[in-house]
Amino acid sequence: MFGIGELTILLLVIVAVLAVKRLPDLVRSAGKAARILKSEKQALKDEGRSEGEGPSPSAPRVIRGETTERDTTP
């Protein structure tokens with residue numbers, strides 16, 4: 001029988017083969033999510049340092065992102 005390591009590798013290969021077209025979009029989305037989490041973590045850390053300074057807690061924070069254009073050609 002297969003062990004957990006072999007099954008994991010097999011599953012990753014199957015997912016990669018079946019989702020080749022969508023894989024770049026998934027990786028791009030994961031990168032955006034990681035950047036957002038990183039900026040939120042930094043914002044919370046900065047908030048903790050300067051609790052009395054800066055914008056009020058009810059003021060919205062702006063998170064910078066990037067805009068990309070999708071290629072819609074088949």
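Start by selecting Arg28 and Asp25: their side chains meet in a salt bridge, with 2.8 Å from N to O. Keep in mind as you look around that this is a predicted model.

**Stop 1: the salt bridge**

Show the two side chains as sticks and colour helix α2, which covers residues 23-49. Why are Arg28 and Asp25 separated by about one helical turn? Because they sit three residues apart in that helix. Now turn on the surface. Arg28 is partly exposed, with a relative accessible area of 38%, and Asp25 also counts as partly exposed, at 30% relative accessibility. If you go hunting for another pair like this, you can stop: the structure holds one salt bridge.

**Stop 2: zoom out**

Go back to the cartoon view of the whole protein. How many helices and strands are there? You should find two helices and zero strands. There are 74 residues in the protein, and 3% of them count as buried. The accessible surface comes to about 7,400 Å², and carbon and sulfur atoms account for 62% of that area.

**Stop 3: helix α1 and its greasy side chains**

Next, select residues 4-18, which make up helix α1. Click on Leu7, which has its place in this helix. Is Leu7 buried, exposed or partly exposed? Its relative accessibility is 43%, so Leu7 counts as partly exposed. Now add Phe2, Ile9, Leu10, Val13, Ile14, Val17 and Leu18 to your selection, and give them all one bright colour. Together with Leu7, these residues make a nonpolar surface patch of about 820 Å².

**Stop 4: back to helix α2**

Return to helix α2 and pick Ser39, which is found there. Ser39 is partly exposed, with a relative accessible area of 29%. Then select Arg64 and draw a distance line between the two C-alpha atoms. How far apart are Ser39 and Arg64 in space? The answer is 8.9 Å, C-alpha to C-alpha, although 25 residues separate them in sequence.

**Stop 5: the segment after α2**

Finish with Gly65, which lies in the segment after α2. At 71% relative accessibility, Gly65 counts as exposed; the cut-off for that label is over 50%. Draw one last distance line, from the C-alpha atom of Gly65 to that of Ile36. Along the chain these two are 29 residues apart, and their C-alpha atoms are separated by 8.2 Å.

Technical notes:
Residues numbered from 1 in each chain as written. Predicted model: local features only at pLDDT ≥ 70, side-chain atom pairs only at ≥ 80, totals over all residues. Heavy atoms only, no water. Patch = residues over 30% accessible without salt bridge, like charges linked within 9 Å, V, L, I, M, F, W, Y side chains within 5 Å. Areas by Shrake-Rupley, 256 points an atom, 1.4 Å probe, with all protein chains shown as cover. Salt bridge = Lys/Arg side-chain N within 4 Å of Asp/Glu carboxyl O. Helix = DSSP H or I, 4+ residues; strand = E, 2+ residues; numbered from the N terminus. Buried < 20%, exposed > 50% of the residue type's maximum accessible area, 1.4 Å probe, protein only.
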